[in-house]
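Here is a short note to read alongside the model. Please keep the structure open while you go through the points.

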Amino acid sequence: MTRTLRAAVVQLGPIPDADSREKVVARLVDLFEEATSDGRTGLVVFPEAALTAFFPHWEITSTEELQAYYEDQMPNEAIAPLLEASAARGAAVKFGYAERTPENRLFNTASLFEGTQEVLRYRKVHLPGYNEVNPDLPFQNLEKKYFEVGNLGFPVTEWRDTRVGLLICNDRRWPEAYRMLALQGAELVCLGYNTPIHTPSIPEADQHTDFHNELSMQAGAYQNSMWVLGAAKAGVEEGVDQIGGSCIIAPNGKIVAQAVSKDDEIIGYDMDLDMSARFREHMFNFTFHRRPELYRPISEPMPEGWPRPAL
Ligand code: CDT
């Protein structure tokens, strides 16, 4: 019997910095209910930092102000309405948020919940940007200042009758991230992103931002025979113009559904989960065709003297 799953990717327009968690979660609940109103959608994917504006885009000097962006517990009271909606609709929900652990460790995190049950948690590994403010840039990416590198590896779990993994934004540009999931049998990756149209440090890339977004996710899907569900935070958020282009990509690398706006928008698709196995049996049969004995440098630090230009 074919395994199918109807999934929805929910793109979010900007989240104003002034919006309370309660207000943002009420917006997510409305979108979740709309996404699952067909009665058969089983998975809803929201972007990275779905509960707040993407605050690494600016410097925050007040500790108290900064602390307000992180969730001390997940689940918590603010997110409860979304988890109740998940339980009521029988559909899982993935969303990204800033996490502070009881040990005061800070991570850029994504969780997959089915009702109040947390199915999977991932902490972002590939943090872009820098840890010091660059006053010459029109906006910042201070993820290295506000978060530490994720300490959970690249977890994959069995959920319903498929294997699922999570990635966050910049992770999608790194082939190792998808491969780590694929090596554990992931058939489906939920991914959220906040990507500015402009990259002040590489202006020549600006005209290709959408292309690079699709290129990295399509390559990740194809080369690892996985479904990729990419959810953007789009539009001008606190002065930073972000791409949209949320999409669902099949294990053959083709985009099968894509958002067209820069605002809240829902896209959906009936995924044939067995497609992964078909591609892994032949073209990407890891057992027969991979040569891990020749890949050692991939898992080692860069050698001394490797150019490391200033960011
Ligand atoms: N949030 C996040 O990871 N953003 C980065 C910006 C990198 S600048 C090229 C991204 O990869 O989209």
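**Notes on the predicted model**

1. Let us start with a loop. Asn104 sits in the loop that links E4 to strand E5 (106-114). The phi angle of Asn104 is near 65°, a positive value in a residue other than glycine. Please bear in mind throughout that this is a predicted model.

2. Arg160 is another residue to look at for its backbone. Its phi is near 50°, again positive in a residue that is not glycine. You will find Arg160 in the loop between E7 and E8. Those two strands form a hairpin with 2 residues between them, and Arg160 belongs to the turn. Arg160 has a relative accessible area of 42%, so it counts as partly exposed.

3. The strands on either side of that turn, E7 and E8, pair in the antiparallel sense over 4 bridges. If you would like one pair to find on screen, take Val156, whose bridge partner in E8 is Gly165.

4. Now step back to the sheet that holds this hairpin. What is the order of the strands in the open sheet of 6 strands? The order is E7-E8-E9-E10-E13-E14, and the pairing is mixed. Strand E7 (156-159) and strand E14 (255-258) are the edge strands, each pairing on one side only. On average, neighbouring strands of this sheet are turned by 20° against each other, with direction ignored.

5. Further along the sheet, strand E10 (residues 227-232) and strand E13 (residues 247-249) run antiparallel and are joined by 3 bridges. Val228 is the residue opposite Ile249 in E13. Helix H5 (residues 175-182) packs on the sheet and touches E7, strand E8 (162-168), strand E9 (188-193) and E10. The direction of H5 makes about 160° with that of E8. Helix H6 (residues 209-224) lies across E9, E10, E13 and E14, and runs at about 30° to E13.

6. A second group of strands deserves a look. Strand E2 (residues 41-45) has 5 of its 5 residues buried, so the rest of the structure largely encloses it. Strand E1 (residues 4-11) pairs with E2 in the parallel sense over 4 bridges, and Ala8 stands opposite Val44 in E2. E2 is also joined by 3 bridges to strand E4 (residues 92-100), and these two run parallel. Here Leu43 has Ala92 of E4 as its bridge partner.

7. The connection between E1 and E2 is worth tracing by eye. Together with helix H1 (residues 21-35), these strands make a right-handed β-α-β unit. Helix H1 also contains Glu34, which is exposed, with a relative accessible area of 53%. The C-alpha atoms of Glu34 and Gly185 are separated by 31 Å, and the two residues are 151 apart along the chain.

8. Next, the nonpolar cores. In soluble globular proteins, nonpolar side chains tend to be buried together. Which residues touch the most other members of the largest nonpolar core, with its 51 residues? They are Leu43, Leu167 and Leu229. Leaving aside neighbours within four places in sequence, Leu167 is in contact with residues including Tyr122, Phe154, Tyr178 and Leu191. Apart from this largest core lies another, of 25 residues, among them Val10, Leu28, Leu51 and Leu83.

9. How many disulfides does the structure hold? The count is 0. Cys247 is buried at 0% relative accessibility, and Cys169 is buried at 6%. The closest cysteine sulfur to that of Cys247 is in Cys169, 13 Å away, which is too far for a bond.

10. Two prolines round off the list. A cis peptide bond joins Met74 and Pro75, with omega about 10°, and Pro75 lies in the loop between strand E3 (70-71) and helix H3 (80-89). Is Pro128, in the loop between strand E6 (117-123) and helix H4 (143-146), buried or exposed? Pro128 is buried, with a relative accessible area of 17%, and the cut-off for buried is under 20%. Not counting residues up to four places away in sequence, Pro128 touches Asn141, Glu143, Lys144 and Asn170. From Pro128 to Cys169 the C-alpha distance is 9.2 Å, with their positions 41 residues apart in sequence counted as separation.

Definitions and conventions. Residues numbered from 1 in each chain as written. Predicted model: local features only at pLDDT ≥ 70, side-chain atom pairs only at ≥ 80, totals over all residues. Heavy atoms only, no water. Buried < 20%, exposed > 50% of the residue type's maximum accessible area, 1.4 Å probe, protein only. Pairing = 2+ DSSP bridges. Right-handed = clockwise from strand over helix to strand, strands pointing away. Core = buried A, V, L, I, M, F, W, Y, C linked by side-chain atoms within 4.5 Å. Contact = heavy atoms within 4.5 Å. Axes fitted to C-alpha atoms, helices over the stretch in contact; angles between N-to-C directions. Disulfide = S-S within 2.5 Å.
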